[in-house]
Amino acid sequence: MNSAQRQQLMEITRRFQGCRILVAGDIILDRFVWGSVERISPEAPVPVIEVKRESVHLGGAANVACNLAALGARPRLVGLVGDDSPAKQLRRELQAQNIDDGGLLVDDQRRTTTKTRIIAGHQQVCRADREDRLPARGSLLADLTATCRKYLDECQAVVLSDYAKGALVPELVRLLIEQAGEEGRYLAVDPKSSDFSIYRGASIITPNQKEAEAAAGMPILDEDSLLRAGDRLRQEAGLGALLITRGEEGMTYLDARSQVHIPTVAREVYDVTGAGDTVIAVFALAIACDAHPVQAAQLANHAAGIVVGKLGTAQVSPDELLESLKDSDK
């Protein structure tokens, strides 16, 4: 990356302020229990965690919205929560980040998805999930659809954050892709289903390498197999583009005309929790601010390199992103 390219990326970052992005998908509350291990339990061969503190963070689609808000954007968040205490905590966390919670629809038949991670030192020891994955149907689906339609008119791009918890049923995905296309909105999907044809017509999807391998039905072992898998996915599923995140190998952007590999900029990797949320948030936001897709991928790569150096679900600030751009030639 030369000086002129770096300056262009920095200018795009400075345009993030106030941009409106619709985020629809599965809303998660991330709980973290932090402690240390000094001994093994006499009851079973498992570590005993001496708990030092606990914290809660926004996860899933809510973390995408939180990443957008941290960068100065104005996200509109739509998804499902239960009628329970985790939902109340989610709303408090959203309000603390100045994110409107009006798009959170209550389903009293489900538990709010909550992931509890136990961390000892810098290592995750285990995770406990509380959730229901009931697909949205009937009046609940109608309410989701109406809320998304209302917000789409005022937003410059759309992110679908699919964690397979029931909010993004195929009917809603198809409707949002069609409506975004009709209104000229860029639509990015963080996929969960291995059947990428569900997302047919999306502007881009952002699978990790494992998800891309599963969807393509082939291993990705080198650059040649990566490009073949990417072409197969893009053509068979009718997708505009792919951004495949590859951990320490960085990420690769593929569309009908180009394939661009972007090396990782992460210096230290402490925790990859929520890194995919950061990638799609920054990519969609940059596109909404008139970035070329490769520029958007470069910015997303820098942002991911920052958040994996933090423990727990994390976000990146504009100052951190600008500093990373100053310090790197990638």
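**Buried, paired, bonded: checking the labels**

Analyst: Let's start with E211, which touches P191, K192 and F196, leaving aside residues up to four places away in sequence. Keep in mind that this is a predicted model.

User: Where does E211 lie, and what is the nearest side chain of opposite charge?

Analyst: E211 belongs to helix α6, residues 209-216. That nearest side chain is K192, 4.0 Å away, and E211 is buried without a salt bridge.

User: Why is C289 called buried?

Analyst: Its relative accessibility is 5%, and buried means under 20%, so C289 qualifies.

User: And what makes C126 partly exposed?

Analyst: C126 has a relative accessible area of 40%. The class covers values between the 20% and 50% cut-offs, so partly exposed is the right label for C126.

User: How do you know that C289 and C19 are not a disulfide?

Analyst: The sulfur of C19 is the closest cysteine sulfur to that of C289, at 4.2 Å. A disulfide needs the sulfurs within 2.5 Å, so this pair is too far for a bond. The count by this rule is 0 disulfides.

User: What makes β2 and β6 a strand pair?

Analyst: Pairing takes at least two bridges, and 8 join β2 (residues 27-40) to β6, so they pair, running parallel. Here W34 stands opposite I119 in β6.

User: What about β6 and β7?

Analyst: They have 7 bridges and run antiparallel, with T116 opposite A128 in β7. Their hairpin has 2 residues between the strands, and G121 takes a positive phi near 65° there.

User: Why is β6 described as mostly covered?

Analyst: Of its 8 residues, 7 are buried, and buried means under 20% relative accessible area.

Key:
Residues numbered from 1 in each chain as written. Predicted model: local features only at pLDDT ≥ 70, side-chain atom pairs only at ≥ 80, totals over all residues. Heavy atoms only, no water. Helix = DSSP H or I, 4+ residues; strand = E, 2+ residues; numbered from the N terminus. Buried < 20%, exposed > 50% of the residue type's maximum accessible area, 1.4 Å probe, protein only. Lys, Arg positive; Asp, Glu negative; His and termini not counted. Contact = heavy atoms within 4.5 Å.
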